[in-house]
Amino acid sequence: MSSDILKTILEAKEQEVERRRSDRPLDELKAIVKDLPPCRDFAGELRTRAAATQDAVIAEVKRASPSAGIIRPDFDPEAIAKSYQAGGATCLSVLTDEGFFGGQSAFLVEARAACRLPVLRKDFIIDPWQVVETRAIGSDALLLIVAALNDDQLAELSELGKELGLAVLVEVHDEEEMERALKVPGDLVGINNRDLHRFVTDLETTLRLAPMVPKDRLVVSESGIHGPEDIKKLQDGGIGAFLIGEAFMRVEEPGEALSSLLGAHQA
Ligand SMILES: O=C(O)c1ccccc1NCC(=O)[C@H](O)[C@H](O)COP(=O)(O)O
């Protein structure tokens, strides 16, 4: 699958990687990685919570997006991370892409330091240098978007991520991408409900694709989840893990929005 926005993001990302690589060579990153403590257990925490209560939430720290523009003008990653942890998040996701999401690697560092939750770096990873950088900034998990990679890249980046101790969330949008994702050994499959051509979200995407996933992999439904009725609909389809950003980011206290979402669907 390809789309204009994804193509635009990926072209910019190639240039960004070249720029950043010359500022921070691979050997420098590898030296940092060598002395790091082990990652927090992103996949394990999600799996445990999903199995126990079917409501594992990866709460996203997201300042802006191509579909919505600026989402949260008063953006404080540290306060957001604390709020999410208090509200019952299982893990965090932090957008680090600058050009299209207003993110920064520093936001991930700040958010992670403010809580004890495992953290996913949400970015457009196309190069092994970025995988090592992801570990070097302290992330616990890596996103690989099947639509952005060919099969060889997907296998190489996923293997490198695992070698470095990162959990790998492989993200798909349709059946063809799902078949490609399942060829790569892994724990986590993200089904993104956002159609990148039209920017609309449809939870049916998760419900349609999830039956393709073997039981030993955990499905995470991503994007377009707003209220308890959405969670209920996905849970009824056997889904127990969710990645949610914009709905929380628009509320002053994102963790309170999360805890009422978790409480409301149990009522
Ligand atoms: O959010 C976008 O507009 C977007 C556009 C192009 C590529 C990716 C995009 N979003 C990344 C995500 O996957 C979401 O941030 C994440 O799933 C949370 O979605 P939401 O709850 O709808 O904010």
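Me: In this predicted model, Ala, Val, Leu, Ile, Met, Phe, Trp, Tyr, Cys and Pro count as nonpolar, Asp, Glu, Lys and Arg as charged, and the others, Gly among them, as polar. How many residues of each class does the shell around the ligand have?
Reply: The shell around the ligand is made up of 18 residues, and each of them is assigned to one of the classes just described. Sorted in this way, the shell has 7 nonpolar, 6 polar and 5 charged residues.

Me: Which strand and which helix each supply at least two residues of that shell?
Reply: The protein has 12 helices and 10 strands to choose from. Among the residues that come nearest to the ligand are Gly 245 and Glu 246, and Glu 246 is where the helix in question begins, since that helix covers 246-249. The strand covers 241-244, and the two elements asked for are strand E10 and helix H11.

Me: Why does the radius of gyration of the protein agree with that of a compact globule?
Reply: The C-alpha trace spans about 55 × 40 × 35 Å along its principal axes. Because a compact globule with 267 residues would have a radius of gyration near 18 Å, the value for the protein agrees with it, at 17 Å.

Me: What percentage of the residues in the protein is buried?
Reply: A residue is buried if 20 or more other C-beta atoms lie within 10 Å of its own. Counted by that cut-off over the 267 residues of the protein, the buried share is 44%.

Me: Which domain does UniProt list for residues 6-259?
Reply: Over residues 6-259 the chain is 44% helix and 17% strand, and its end C-alpha atoms are 33 Å apart. The UniProt record, which is an unreviewed entry, names this stretch as the domain Indole-3-glycerol phosphate synthase.

Note on methods
Residues numbered from 1 in each chain as written. Predicted model: local features only at pLDDT ≥ 70, side-chain atom pairs only at ≥ 80, totals over all residues. Near = placed C-beta within 6 Å. Helix = DSSP H or I, 4+ residues; strand = E, 2+ residues; numbered from the N terminus. Rg over C-alpha atoms; globule rule 2.2 N^0.38 Å. Buried ≥ 20, exposed ≤ 12 C-beta atoms within 10 Å, placed from the backbone. UniProt positions renumbered as here; feature names shortened; annotations may be inferred.
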